[in-house]
Amino acid sequence: MSVIATITGAALTRFDHRRDGSSFRDWAGDAFEAALAMSGLDRDEIGALVVASESDFFTFQLNPATVIAGDLGLTGVSALRVEGGGASGQLAVHAGARIVATGQARHVAVVGVDPSASTLPGSTVKMLYGMSFDQWSDGMTGTTSTALYALSVQSFLARTGIGVWALDAVTMANRANACANPGAHLPRRHGAAEIASSPMIAAPYRRLHCSPLSDGAAALILSYPGAVPEARRGAAGIVGTGAATDKFHLGARADLGRFAAKTLAMQRACAIAAITPSDVGLAEVYDAYAGAQLQALEALGLSEQIGADLEAGRFAPSGALPVNLSGGLLGQGAPVGATGVGQTATCALALEGRYHAGLQPRELPRYALADTHGGVCTTAAVTLLQAGAEA
Amino acid sequence: MIRREVSLSYELAPGWLAPHVDGLLQGRAVARGCGTCGRVSFPPERHCGCAAPAPHWITLEGWAEVVFRTDGLDGSFALVSFAGSSTKSVVRLVLDSATGRFGTLVAPTDGQPALLLALNGKGASDDTH
């Protein structure tokens, strides 16, 4: 397979609820500067900017890409903003990779950012997230994201026979991973009793099964493989991207517990990369809710016996297929536009052996997967990365 | 901090979904039917998948069976199967404490269209449908 774009720079700010007077523009700048420094490139070598931000309701800023371009000292470059619900960040990575692949720019900055925690009350954000669903059908009911995910995971659990215990297991595992991630929003060591006593939001989902609303940013510098600075030769590269959509109405799907769009996206990415899901040795998957991680593992073809693999520790940091080393959305947090960019940055850093001590796999995997979706997997986007990818 | 407040009032046109939306306001389940493949969708799908040129509107009986239900602080919602529909629907249960597997679509009391289901308290064994 050939490298679509080399990841010469990758950085994340911490994800949390900012109360320090900083704004999303500060976080975007911090992430970009760190990624640019890692790349070894000069600012004027960046030819395009892709910004991921889910909603102007959060930022109170239309056309944020141009504003951020100015803040980053990139005025004059081509700038665009990508939005695809929860998948915004990963779709921005895809857009950046396409810009490199088509030769429109040799080096592209991808910046994901959202102030999902600090600018609006949580109840308002919950209402806005309800607008992620068809306002002429599912959205009319006043349904919430949690309620729709709850209905979907009930179907998944019923079909697979996996018990609700698995929701607790994912929650505990991801938040435990977050304890070794200094940039994580919710580093916690939960017990099952603590989870069981947290409020029921939409059965079977209790509050602790849900990812938090977070602030933060992440950035990548994507480079044409033939233009990678000498010091960054051997950096990880993007070798496959795939995206797909599913029926907007949950009830119109043949199996509402199956993330069919994710399967399609993964197949498309694997076809480009010329690998199979079994080649993936590290994965950051979209766990907006604990059960969504299980549904993702199934849809991505990463496990045929999810419950048994979970119990056996296959997805643990020391397991054969570490999943959500970062803590995922549940532990690291979820500033929506930054999520997919941050997942890809995490994979790139881990493939280079530069991820956080205590989480960095001792044996570097060859391939890693970053998986993101929007809605109840209404829009899916996955990216495959290869370690030390050469052009 | 910089404080900004916005109050937005939208006027959303129902567009091609007008028969469906009008039906909801009256407590009627108006679905989309395909004369070619026979698929009936509720909520309506503009394209059924077989690319038939002229889907038509069908009024369903309006009763539905609960397939999955979720309750909690967010309210009570269910995925239900309306009689006569090929697709399932997400509805809000109007009486959170009501039980039973079957219910009927009801008109909203606030004049705003919504998929609302009133459970009739009957289970599978005692339901007449």
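**Exercise 1. The second largest pocket**

Task: Find which helix of chain A gives the largest share of the lining of the second largest pocket, then describe that lining.

Solution.

Step 1. Helix 5 of chain A gives the largest share, with four residues. The model is a predicted one.

Step 2. Look for other contributors. Helix 5 (122-130), helix 6 (145-160), helix 13 (336-351) and strand 10 (367-374) of chain A each bring at least two residues to the lining.

Step 3. Take the whole lining. It has 43 residues. Those that lie nearest the pocket centre are A:Tyr129, A:Ser211, A:Pro212, A:Leu213 and A:Tyr289.

Step 4. Sort the lining by class. There are 20 nonpolar, 16 polar and seven charged residues.

Step 5. Add the volume. This second largest pocket holds about 940 Å³.

**Exercise 2. Cysteines and disulfides**

Task: State how many disulfides the structure holds. Then explain why A:Cys270 and B:Cys34 are not in one.

Solution.

Step 1. Count over all chains. The structure holds zero disulfides.

Step 2. Recall the cut-off. Two cysteine sulfur atoms must lie within 2.5 Å to count as a disulfide.

Step 3. Test A:Cys270. The closest cysteine sulfur belongs to A:Cys347 and is 14 Å away, so the two are too far apart for a bond.

Step 4. Test B:Cys34. Here the closest cysteine sulfur is in B:Cys50, at 3.4 Å, and this too is too far for a bond.

Step 5. Check the surroundings. Under 20% relative accessible area means buried. A:Cys270 has 7% relative accessibility, so this residue counts as buried. B:Cys34 has a relative accessible area of 5%, so B:Cys34 is buried.

**Exercise 3. A portrait of chain B**

Task: Work out how many helices and strands chain B has and in what order they run. Then give its span, burial, contacts and surface.

Solution.

Step 1. Count the elements. Chain B has one helix and eight strands.

Step 2. Read from the N terminus. The order is α-β-β-β-β-β-β-β-β.

Step 3. Give the span. The C-alpha trace of chain B extends about 55 × 40 × 25 Å along its principal axes.

Step 4. Turn to burial. Chain B has 129 residues, and 41% of them are buried.

Step 5. Look at contacts. Take those in chain B between residues at least 6 apart in sequence: 44% of them join residues at least 24 apart.

Step 6. Finish with the surface. Chain B has an accessible surface of about 7,100 Å². Carbon and sulfur atoms account for 51% of that surface.

Methods
Residues are numbered from 1 along each chain as its sequence is written. Chains are lettered from A and ligands numbered from 1 in the order in which they are written. This is a predicted model: local features need pLDDT of at least 70, side-chain atom pairs count only at pLDDT 80 or more; totals for chains, interfaces and linings use all residues. Side-chain values use heavy atoms; hydrogens and water are left out. On a 1 Å grid over the protein atoms alone, a cavity is a set of points where a 1.4 Å probe fits but cannot get out, and a pocket is an open set with protein on both sides within 12 Å along at least five of seven lines; lining residues have an atom within 4 Å of a point. Grid points are joined across faces, edges and corners, and a volume is the space filled by probe spheres set on the points. Ala, Val, Leu, Ile, Met, Phe, Trp, Tyr, Cys and Pro count as nonpolar, Asp, Glu, Lys and Arg as charged, and the others, Gly among them, as polar. Buried means under 20% relative accessible area, exposed over 50%, partly exposed in between (1.4 Å probe, protein chains only). Contact means heavy atoms within 4.5 Å. Accessible areas come from the Shrake-Rupley method with a 1.4 Å probe; for residues, only the protein chains shown count as cover.
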